[in-house]
Amino acid sequence: MPIIGMAVIPAHELSCGIPGEDLPGSHTATEFVGWYNGHPDHRHREFDLSTEVAVVIGQGNVAVDVCRILAKTADELKHTDIAQHALERLAESQIREIYMIGRRGPAQAKFTHVELRELGELANCDPIVNPGDLKLNAESEAELADKRNRTPIKNMEILREFAARPTGTKWRRVYIRFLESPIELKGEKKVEHLVIAKNRLEGPPFQQIARETGDRIELGCGLVFRSIGYRGMPVPGLPFDERRGVFPNQDGRITDAGNEILPGLYCAGWVKRGPTGIIGTNRADSVATVKSLLADVEQNAIDTAPKSGAEGIYPLLKARGVRVVGYSDWLKIDSAEIKRGETYGKPREKFTSIKEMLAALN
């Protein structure tokens, strides 16, 4: 069986699975991030920025990114590489209140302290944290007592600093709230209200789960983004753990239903361990998988016979009429984007369609 040198496995963003989730005004974070980054698949999405209240469901780094973009002023954004169409729309935004809600407590939030801290450095937006939300149960205190648990410890330091700040000094506010879960989205023709369940934590340290208390609150809003994680997708012919959304594996070596290693098949990243961690985490994870692959090569555990590689694939693509964009082409596109950005005083102005990118090469 041949070595898999590289494969990109798609993932889809998880839904909340609540009534009203398909109402206009309810979106995935992926759509919004793709829109303001100029991704061709999301360039023409529409978001109602005329509403005063937006809600971001989830407390990972993507959720923080969405909050930050919604909270920044046009002046803060205009010298970044944000897509120009998004900058123009965000400059007209009427959003004044942004709620980022998480189902568990502050000690379990998944954002990292570097990203969290940036919410306290915005020109015209206050981060709001209720001091009462930072009173931890004994199990959460035990989690923070573990010095290896560095990110939550630093997060708590920043959240306590946010909670101690004076409020109401800036035009916008980001409310960071905990122990809340979305239950239902309500509205006649679009999102108008979010019904939220209050939670409590149950279970031992590092295994706590959120349980509803029975209390409900209703929050008026016109825009909702869900950012609650991703799930890997199966590949025909390969074993797949449907519950976890990953390929079963041992140190990156894909295994079958009997936990036997399938020679020559490897995985890394979210489809190996689940949707957790940052870019640095995935880099280390990939290195670990490559070490497994190299160890198998040394032990002759996999077929290492020469393959045709590019010499075989390029003629095949040409015969099928497929336009190939190589690294030298990418450099041309990169250079063209940087030149386009000079007009706006930005690092670059991205092409937002494949047609534009190919035209730049021509």
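How many nonpolar, polar and charged residues are in the lining of the largest cavity? The lining has 5 nonpolar, 2 polar and 2 charged residues. This report starts from the whole model and then returns to that cavity.

## Overview

The model is predicted. The protein has 362 residues, and buried residues make up 41% of them. Its secondary structure comes to 12 helices and 14 strands. The C-alpha trace spans about 65 × 55 × 40 Å along its principal axes.

Contacts often join distant parts of the chain. Among contacts with a separation of 6 or more, 68% come from residues 24 or more positions apart.

## The cavity

A search of the whole structure finds 1 cavity of 30 Å³ or more. The space in the largest cavity is about 30 Å³. Its lining is made up of Cys-16, Ile-18, Glu-21, Ser-26, His-27, Ile-57, Leu-185, Val-224 and Arg-226. Strand E2 (26-28) and strand E10 (223-226) are the elements that give two or more residues to this lining. How is such empty space found? A probe the size of a water molecule, rolled over the atoms, shows where space is left.

One lining residue, His-27, sits in strand E2. Its relative accessible area is 10%, so His-27 counts as buried. Beyond its neighbours within four places in sequence, His-27 is in contact with Glu-46 and Phe-47. The contacts of His-27 also include Leu-223, Val-224, Phe-225 and Arg-226. Two of these partners, Val-224 and Arg-226, line the largest cavity as well.

## Helix H1

Is helix H1 largely enclosed or open? Helix H1 covers residues 29-36, and 6 of its 8 residues are buried, so the rest of the structure largely encloses it. The buried residues are Ala-29, Glu-31, Phe-32, Gly-34, Trp-35 and Tyr-36. After H1 comes Gly-38, which has a positive phi, near 80 degrees.

Tyr-36 belongs to this helix. Its relative accessible area is 7%, so Tyr-36 is buried. Apart from neighbours within four places in sequence, Tyr-36 is in contact with Asp-65, Val-66, Ile-69, Ile-82, Ala-83 and Ala-86. Gly-120 lies 84 residues from Tyr-36 along the chain, and 22 Å separates their C-alpha atoms.

## Strands E5 and E6

In a regular strand, side chains alternate between the two faces of the sheet. Strand E5 (residues 125-128) is covered on both faces. Cys-125 and Pro-127 are buried on one side. Asp-126 and Ile-128 are buried on the other.

Strand E5 has a partner in strand E6 (residues 172-177). The two pair in the parallel sense, over 4 bridges. At Pro-127, the bridge partner in E6 is Val-174.

## Cysteines

A disulfide is a covalent bond between the sulfur atoms of two cysteines. How many disulfides are counted here? The count comes to 0.

Why does Cys-125 form no bond with Cys-67? The closest cysteine sulfur to that of Cys-125 is in Cys-67, 8.7 Å away, which is too far for a bond. A disulfide needs the two sulfur atoms within 2.5 Å.

Cys-125 is also buried, because its relative accessibility is 1%. Another cysteine, Cys-221, has a relative accessible area of 6%, so Cys-221 is buried too. The cut-off for buried is under 20% relative accessible area.

How values were computed: Residues numbered from 1 in each chain as written. Predicted model: local features only at pLDDT ≥ 70, side-chain atom pairs only at ≥ 80, totals over all residues. Heavy atoms only, no water. 1 Å grid on protein atoms, 1.4 Å probe; cavity = no way out; pocket = protein on both sides within 12 Å on 5 of 7 lines; lining within 4 Å. Points joined across faces, edges and corners; volume = space filled by probe spheres on them. Nonpolar A, V, L, I, M, F, W, Y, C, P; charged D, E, K, R; others polar. Buried < 20%, exposed > 50% of the residue type's maximum accessible area, 1.4 Å probe, protein only. Pairing = 2+ DSSP bridges. Contact = heavy atoms within 4.5 Å.
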